[in-house]
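Reader: I have not looked at this one before. Can you take me through it?
Author: Sure. Here it is.

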There are 2 protein chains.
Amino acid sequence: MTDRPGAPTRRGFLKAGLAGGGALVAGGAAAQEPDPLITEKQPWAQMWGDGVDATPYGMPIEYESDVIRRNVGWLTADTISSVNFSPIHALDGTITPQGCAFERHHSGAIDLPKEDYRLMINGLVETPLVFTYADLERFPRVNHTYFLECAANSGMEWAGAQLNGAQFTHGMIHNMEYSGVPLRMLLEEAGVKPEGKWVYVEGADASSNGRSIPLDKALDDCLVAFKANGEALRKEHGYPVRLCVPGWEGNMWIKWLRRVEVTTEAVESREETSKYTDTLADGTSRKWTWVMDAKSVITSPSPQSPITHGPGPLVITGLAWSGRGAISRVDVSRDGGKSWQTARLAQPGQNMALSRFYLDIDWDGSEMLLQSRAMDETGYVQPTKNALREIRGLNSIYHNNGIQTWWVKANGEAENVEVS
Amino acid sequence: MTDRPGAPTRRGFLKAGLAGGGALVAGGAAAQEPDPLITEKQPWAQMWGDGVDATPYGMPIEYESDVIRRNVGWLTADTISSVNFSPIHALDGTITPQGCAFERHHSGAIDLPKEDYRLMINGLVETPLVFTYADLERFPRVNHTYFLECAANSGMEWAGAQLNGAQFTHGMIHNMEYSGVPLRMLLEEAGVKPEGKWVYVEGADASSNGRSIPLDKALDDCLVAFKANGEALRKEHGYPVRLCVPGWEGNMWIKWLRRVEVTTEAVESREETSKYTDTLADGTSRKWTWVMDAKSVITSPSPQSPITHGPGPLVITGLAWSGRGAISRVDVSRDGGKSWQTARLAQPGQNMALSRFYLDIDWDGSEMLLQSRAMDETGYVQPTKNALREIRGLNSIYHNNGIQTWWVKANGEAENVEVS
């Protein structure tokens, strides 16, 4: 499914007409050098720009100032225990820069200097230990790119199409390259006793946000991370140390990780009983629904990224991911799920990381009901929202991985809708 | 060569003693919960942190304010036509965040709004064309992670060890995930005439920084990129559009790309005659030395990243790359090249992208002459600086890919030295 785009020789771009200034250069002679009228209008070609000391640490250019995290005021009682969303409608590729990567915290992003950082391993271990940050730097390190998705991502959509933009419907996600120490190594250093079957992990913030994780997962691929995308974690991402729990819901990726306690049973904490369970139609709840199943969304065109040109070549693009492994295929429908075309993956699917997909079409200018459908290496196929509702009812908040529909109108604008 | 770190059960961390607060928790009972004295000293656990609207676009935390690009005042006549260096000594993993990624420009970083952006394809083509930014967005896109290294990286080291820090000796490099349109597609859209054998590419800044590229390379993997690490290019990286010329010297990666002219011959511009050629001992110059040969550097320990603890477990880490393909292996020497150990690659080598390597050792506390030696998939082995000097003499500025030596002293400090 992964390949280079086909050779586009005479592929119709000219036939369809290019937008705006896209045009044939008039005349053979003029074609040899830039139009002097254009040059006169280019002040940037006639003066100095900024020197290399202008931005010791650079920020996005002012023209991109709308590509930021956004929160939704009404979603939570306050913005300190709340969430903001990655601007996925405006990004491409797969890496999420830390500066605009989704964040959620339950008692605010705390200020914890490295010097004051401590990580305790206790409970059912041979030798309880406390590590400093400097201690952690002495353990063997690994690097992995993983997605983090909040269990509540798309949660507002259970009852029907609510939020008008991919940033808000699917933006509780990011994808970064982490560097850190396998949790397994720290647990082995302390020596897990045979009766230990779970770990309880908590953060140094006031909420502590404690969660229980089966020991098998803790020993498998959990990562005590101190860098993301090469540099130190940002404050709001858990500086100086967070836990990565690959493929599992973001709430378990404890920020400001301060303690890992080995236990015989799950703690059944607030965060895994009254929250982060899925209430079914009969009032009972599914619990331990940690894995984020395969999911995808078209990021452009979408409500915040409308089509700004007429008929002709159009790039449809989006993101796909699975907590159970690599994405193997993504299909795109333009007619609300009646027919499907296989999209092109920009790179082969990576284990528990975002995949970028593209479908290059010749748009005829008529309206579309755009959908994407992810498949992962286990053979799992992303379901429709209605298929999920048939099993889980309408009371859930979490784990909505149903197929998203954007109604793209003939004028290029898009809207969040449902198809029956 | 790529694998998970070995299971470190009882691997000597305790035996060697952990630094600072790293310690056994006293007593069996106390081990079950955090020391109340420590808790009292944790103000962050007792108050709100920042809300999610605090950082619509986040910056690194204040404690990391030294992890920035730095320039060297004396290197160029001014800072507008100059260079700054990535803080590679403080980064981990492979991705370089745009905010601290090396940049070099010849007449300053210009302010070019997307709306005013134009790209001309002219010269020996059937149909000269001018594209707007919106036009480019309609072509099929690809994603690739590539390193960009300035040909002058390590150039100050030809005459001997000069600069005391990996940031300054090897920091003219970055590694980002690019999204954009293959240059091939734009050239095919214009229709290259049979007599076309080269392209001449130039930027919209006052320097224009024109370079000639053989048509084969232009049609192979060159990329007209508009995103890096998912988001728009930063101003200083060529917003809104730059050229990627994978594996080839950074000067050819034209920022603010405004024109691609198909020609029969190379233009022999200033940037490829008086600059970016390698002056040999006899005064003649090697030209067309575009490919960046395999190279590596240990980023920690290094002069800016000394060892801050005593004997015992120590992570030696660094970066390796090759313009001819993927890194296949990196060896590390602790005795100035007399003996070598094979390091662990954090991930399998990627084509023309940075690789991170680690060597986990039990440091005995004695001084070391640390070196790394990269090998790529072609079988090429990174040479010593002296081996390069034997062939190229001492007059060159560019293309110094010789093995770097850090003298790590018993007190943990490191210094840039040469070994004979």
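**How the chains relate**

Author: This is a predicted model. A turn of 180 degrees, with a shift of 0.0 Å along the axis, lays chain B on chain A with an RMSD of 0.0 Å. That is how a two-fold axis relates copies.

Reader: Which residue of chain B comes closest to the rotation axis?
Author: Pro97(B), with its C-alpha at 3.6 Å.

Reader: And what surface serves the copies?
Author: The same one serves both: 100% of the contact residues of chain B recur in chain A.

Reader: OK, new topic. How many helices and strands are in chain A?
Author: Chain A has eight helices and 25 strands. Its radius of gyration is 24 Å, close to the 22 Å from the globule rule for 420 residues, so chain A is as compact as a globular protein of that length.

Reader: What share of chain A is buried?
Author: Buried residues are 65% of the 420 in chain A.

Reader: Which residues have the most contacts inside the largest nonpolar core?
Author: Leu243(A) and Leu257(A), in a core of 102 residues. Domain 1 (98–286) and domain 2 (295–417) of chain A each give this core at least three residues.

Reader: What is Leu257(A) in contact with?
Author: Setting aside neighbours within four places in sequence, its contacts include Tyr117(A), Leu119(A), Val201(A), Val224(A) and Leu243(A). Arg118(A) and Glu202(A) are also among them.

Reader: What does the second core include?
Author: That separate core has 101 residues, including Trp44(A) from chain A and Ile298(B), Leu345(B) and Leu359(B) from chain B.

Note on methods:
Residues numbered from 1 in each chain as written. Chains lettered and ligands numbered in written order. Predicted model: local features only at pLDDT ≥ 70, side-chain atom pairs only at ≥ 80, totals over all residues. Heavy atoms only, no water. Core = buried A, V, L, I, M, F, W, Y, C linked by side-chain atoms within 4.5 Å. Buried < 20%, exposed > 50% of the residue type's maximum accessible area, 1.4 Å probe, protein only. Domains from an automatic or database assignment. Contact = heavy atoms within 4.5 Å. Least-squares fit on C-alpha atoms with pLDDT ≥ 70 in both. Helix = DSSP H or I, 4+ residues; strand = E, 2+ residues; numbered from the N terminus. Rg over C-alpha atoms; globule rule 2.2 N^0.38 Å.
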